[in-house]
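Me: Please take a close look at one single part of this structure and explain how it fits in with the rest. Start from one residue and work outwards.

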Amino acid sequence: MKSTLGLDVHSSELQRSGRAETLSPHVVTRLDPILQKLAHAQTRFLSTADSVRADRWQTRPKSGGWSAGELVAHLIMVERAVLGSADRVMQHAPRKIPLLKRFHLPLALVEARLIRRKTPIPLDPQLVREKETMLAELREIRERTLAFVDETKGRDLSKYRWRHAFLGMLNMYEWLQMIACHEIRHEKQLQEIANSYRKP
């Protein structure tokens with residue numbers, strides 16, 4: 001079965017679990033750096049977004065590529081898709097993944113933008129609206145992510161895994177980190193867009 005991110009969510013993940021999970025001390029402490037990174041990524045992105053004038057928000061750069069509005073729509077769609085997949089996977093017993101199949105590429109690749117990839121999620125043009133409306137929606141989806149973290153902080157999220165189309169198998173903590181890395185990646189792109197608007 002495919003998630004909305006084009007990722008494999010196997011049918012064996014859809015078995016219900018009646019067992020309660022025990023919270024170990026390391027679970028909460030490992031969330032702290034993830035939450036810090038999510039906060040840092042969004043602060044950085046919103047700061048860069050402030051430098052884009054509202055009347056240029058839906059204007060594509062002359063060099064091509066997305067407008068600032070399209071970029072934010074993409075971020076909203078990806079974070080929504082990750083949350084949707086996480087919610088589905090967490091409703092069932094975690095799948096046992098052999099150690100060798102847990103391999104994945106470093107999340108740093110997402111931030112670095114060294115490898116350009118086409119998104120597996122087609123952009124929804126209906127999401128592209130006025131600047132402040134879209135930034136409010138971006139903040140809202142992050143609040144939903146933080147609410148998800150808060151609601152599941154009593155569970156060991158490392159047990160829940162599904163495959164990223166490019167990076168490989170990620171556990172839930174790594175998916176949360178990926179959201180932050182993805183936002184940092186596109187903040188760099190947004191900075192390029194903002195700079196292009198300033199050129200004569």
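**A helix and its surroundings**

Reply: Leaving aside neighbours within four places in sequence, Phe148 is in contact with Leu83, Ala86, Asp87, Met90 and Met172. This is a predicted model, and what follows is computed from it. Phe148 is found in helix H4, and that helix is the part to look at here. Phe148 has a relative accessibility of 9%. Buried means under 20%, so Phe148 counts as buried. One of its contacts, Asp87, lies 61 residues away in sequence, but the two C-alpha atoms are 8.4 Å apart in space.

Now take the helix as a whole. H4 has 21 residues, which at 1.5 Å a residue should span 30 Å. The C-alpha atoms at its ends are 30 Å apart, so the expected and computed spans agree.

Next, which residues of H4 are buried? They are Lys131, Met134, Leu135, Glu137, Leu138, Ile141, Arg142, Thr145, Phe148 and Val149. These residues cover an arc of only 160° around the axis, and therefore they sit on the same side of H4. The face turned away from this buried side carries the exposed residues Glu132, Glu143 and Glu151.

The buried side can be followed to its partners. Val72 touches Met134, Leu135 and Leu138, and also Phe45 and Trp57, again not counting residues up to four places away in sequence. Gln42 provides another link: its contacts beyond four places in sequence are Leu138, Arg139, Arg142 and Glu183. Gln42 itself belongs to helix H1, residues 25-50. Its relative accessible area is 8%, which means that Gln42 is buried.

Some of these residues come up again in the largest nonpolar core. This core has 52 residues, and those that touch the most other members are Trp57, Val72, Leu138, Met172 and Met178. Two or more of its residues come from each of H1, helix H2 (68-90), helix H4 (131-151) and helix H5 (172-198). H2 gives the largest share, 14 residues. In soluble globular proteins, nonpolar side chains tend to be buried together.

H2 deserves a short comparison with its own expected length. Its 23 residues should span 33 Å at 1.5 Å a residue, and its end C-alpha atoms are 33 Å apart, so here too the values agree. Of those 23 residues, 19 are buried, so H2 is largely enclosed by the rest of the structure.

There is also a pair of strands in the chain. Strand S1 (residues 161-164) and strand S2 (residues 168-171) pair in the antiparallel sense over four bridges. In one of the pairings, His164 has Gly168 of S2 as its bridge partner. The two strands form a hairpin, with three residues between them.

Finally, where does H4 stand in the whole chain? The secondary structure comes to five helices and two strands, and along the sequence the pattern reads α-α-α-α-β-β-α. Of the 200 residues, 46% count as buried. Among contacts between residues at least 6 apart in sequence, 83% join residues at least 24 apart; the contact of Phe148 with Asp87, 61 residues apart in sequence, is an example of such a pair. The chain exposes about 10700 Å², and carbon and sulfur atoms supply 54% of that area.

How values were computed. Residues numbered from 1 in each chain as written. Predicted model: local features only at pLDDT ≥ 70, side-chain atom pairs only at ≥ 80, totals over all residues. Heavy atoms only, no water. Buried < 20%, exposed > 50% of the residue type's maximum accessible area, 1.4 Å probe, protein only. Contact = heavy atoms within 4.5 Å. Core = buried A, V, L, I, M, F, W, Y, C linked by side-chain atoms within 4.5 Å. Expected span 1.5 Å × (residues − 1). Arc of directions from axis to C-beta. Pairing = 2+ DSSP bridges. Areas by Shrake-Rupley, 256 points an atom, 1.4 Å probe, with all protein chains shown as cover.
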